[in-house]
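Colleague: I am new to this one. Could you take me through its pockets and its core?

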Amino acid sequence: MQVSRRLLLSTGLAGLGAGLAGCSAPDEAPTSPGMTTTAASSSAGTPPASRTLVVGVPGRPLTRDPLHAWDVESQRVIRQVLEPLLAVDPDTGSPVPGLADHAESGNGLVHTFTLREGLEFSDGSACDAAAVVANIRRWAQTPQPGTPAAALPSPFAAAFGGHAGQTGTAFASAEASDSRTVVLRLRRRLRHLPAALSSPAFGIAAPGSWTRTQQEDGVAVVTPLGTGPYRWAQPEEAAELAAALTSPGATTMLVVNGRHRGPAPEAGAVAVRAWGRAATRLRELRRDRADVIDVVSPAQLRPLVESGTQVLPRDPLSVLYLGMNLGHPVVGRQYVREAIAHAVDRGRLAASDVFLQGTSAAEDLVPPALGARNEDARRHEPNRDRARQLLDLAGYDGRPLEFLYPVDCASPALPEPERVYAMVAAELGEVGIAVAPVPVPGDEDYLAAVLARPTRALHLMGRHGVYRDPHAFLEPFVGSWQTETGYDNPRVRQNLRAAAAEPDDDRRGELFRAVVAAMAIDLPALPLAYPISALATGRRVISYPTSPQLDEPFAHIHLTDR
């Protein structure tokens, strides 16, 4: 969706209300190896002489490899370089042809992808059916125990129900029937699969570049090659472009991929700069040193609009929640989780000045737009007396509960983590629950920090809809992200599996609503809010392709000059 300046200003503030991203360190702090000014392979294409487009974001990317990208900021830049087989319709969010046309047969068990003619990776190698099949087989491999990949969620396992050869996986095989045709076979139908395959986790990379590295500050950073309109800048290109930037911040530098099949982007080079503080992003925009800034805070909104700045909201497709570790000796007790749910006033939180207008209290772990709301599900309204009673029934002895939250960073689903933590912790304290704050610095991988701390009791987390299906929000709690909360409900898994294969939309909705109802009772996580997020653009930007799914191609940004 592209929104003009005139349209936004005519609607005013009333129209303004997205996963938790990996977070940047404080703006003046050193950045982690490989996450400073980036660079990579392939010399195809030369950026135009126009000034680099600067996009200010609230966190740094954690990886360039889609196989390991769980965070919003990694996905933001990967989308520009690697393209999936299917793309996202900018108006509906539904999957549409991308690198390939798609057809189903055999009652949804056979998926045939016909690639566009003449596709090339940025190094000139062919993006043919053999390359695509190699990518699918790589995704399908079970990660080796003890490797970083084994410790983090797998997008393939989330979509297919497991890796190749594992019990429960729907994946059967992937073959190239000719140079342009890929045949993907399943053991059971997956209704969500086309939508899932349009997400950045399934970006196609040149097989020869999977282990290709670029030295960044003396550290080898894996830098795969794609077919997208941009490519990672080479060291000399990145250094030359970065020299013209006048403000600090970890930078990912992208330049035009001259082998891309489409028209050249208006922005010949893009610097994606990580500024964790909202004040820094606003300052750089006002000084004309940033052309786009993401995650606009409520305090900044009115001054920006009144000054004529283009502010673009996104429709909500994310949920902020309080994760609970069911393996914890205290939080593992049902009464304690229910007490926590009654202690937190979600309506007050959603209506606070932490979030943009239009943010609503979350009743379920699935955004309302996806149609999985269960009106009959258990609701935990704010009730301090009931919370105290439940704590007494649980025998809670007042021991402090470790509460993890990120600091010096932001994301579309969690614009001000420190303030959200403070509000939730204060309300827990009102009913007698003691918390031990565990802030996670912005230069760390937040998810990895959560999973690596077995003594944790609570943590803040956001889940963003990378594709439009309830499966994207529900499956992680009992499947690919199960270690986050330790939630294990066989009936929920059974219903999710049935929903994935169910051909009837009404019956599929019933199954999802049953899952929502069960999770409202079990409380592996307490939904807090459905956040509205927004970005602001500078004077050079005529339009920016906002998306609830954050599918926002820089190649579709229109500028006043080149």
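**Pockets and cores**

Modeller: This is a predicted model. The second largest pocket takes up about 720 Å³. Of its 33 lining residues, Gly161, Glu475, Val478, Gly479 and Ser480 are the closest to its centre. Elements giving two or more residues to this lining include α4 (148-151), α5 (155-160) and α15 (471-478).

Colleague: What makes Gly161 a lining residue of the second largest pocket?

Modeller: A lining residue has an atom within 4 Å of a pocket point. Gly161 is listed in the lining, so Gly161 has such an atom.

Colleague: How is the lining of the second largest pocket split by class?

Modeller: It has 16 nonpolar, 13 polar and four charged residues. Gly counts as polar, so Gly161 and Gly479 of this lining fall in the polar class.

Colleague: What is the volume of the largest pocket?

Modeller: The largest pocket holds about 840 Å³. Its lining has 39 residues, with Glu83, Ala87, Asp551, Pro553 and His556 closest to the centre. Strand β2 gives the most to that lining, three residues.

Colleague: Why is Leu322 called part of a nonpolar core?

Modeller: A core joins buried nonpolar residues through side-chain atoms within 4.5 Å. Leu322 is among the residues with the most contacts inside the largest core, so Leu322 must be buried, under 20% relative accessible area. Leaving aside neighbours within four places in sequence, its contacts include Ile340, Phe403 and Leu458.

Colleague: How many residues does the largest nonpolar core have?

Modeller: That core has 111 residues. Helix α3 (residues 129-140) gives the most, seven residues. A second, separate core of 26 residues includes Ala69 and Leu82.

Key: Residues numbered from 1 in each chain as written. Predicted model: local features only at pLDDT ≥ 70, side-chain atom pairs only at ≥ 80, totals over all residues. Heavy atoms only, no water. Buried < 20%, exposed > 50% of the residue type's maximum accessible area, 1.4 Å probe, protein only. Helix = DSSP H or I, 4+ residues; strand = E, 2+ residues; numbered from the N terminus. Contact = heavy atoms within 4.5 Å. 1 Å grid on protein atoms, 1.4 Å probe; cavity = no way out; pocket = protein on both sides within 12 Å on 5 of 7 lines; lining within 4 Å. Points joined across faces, edges and corners; volume = space filled by probe spheres on them.
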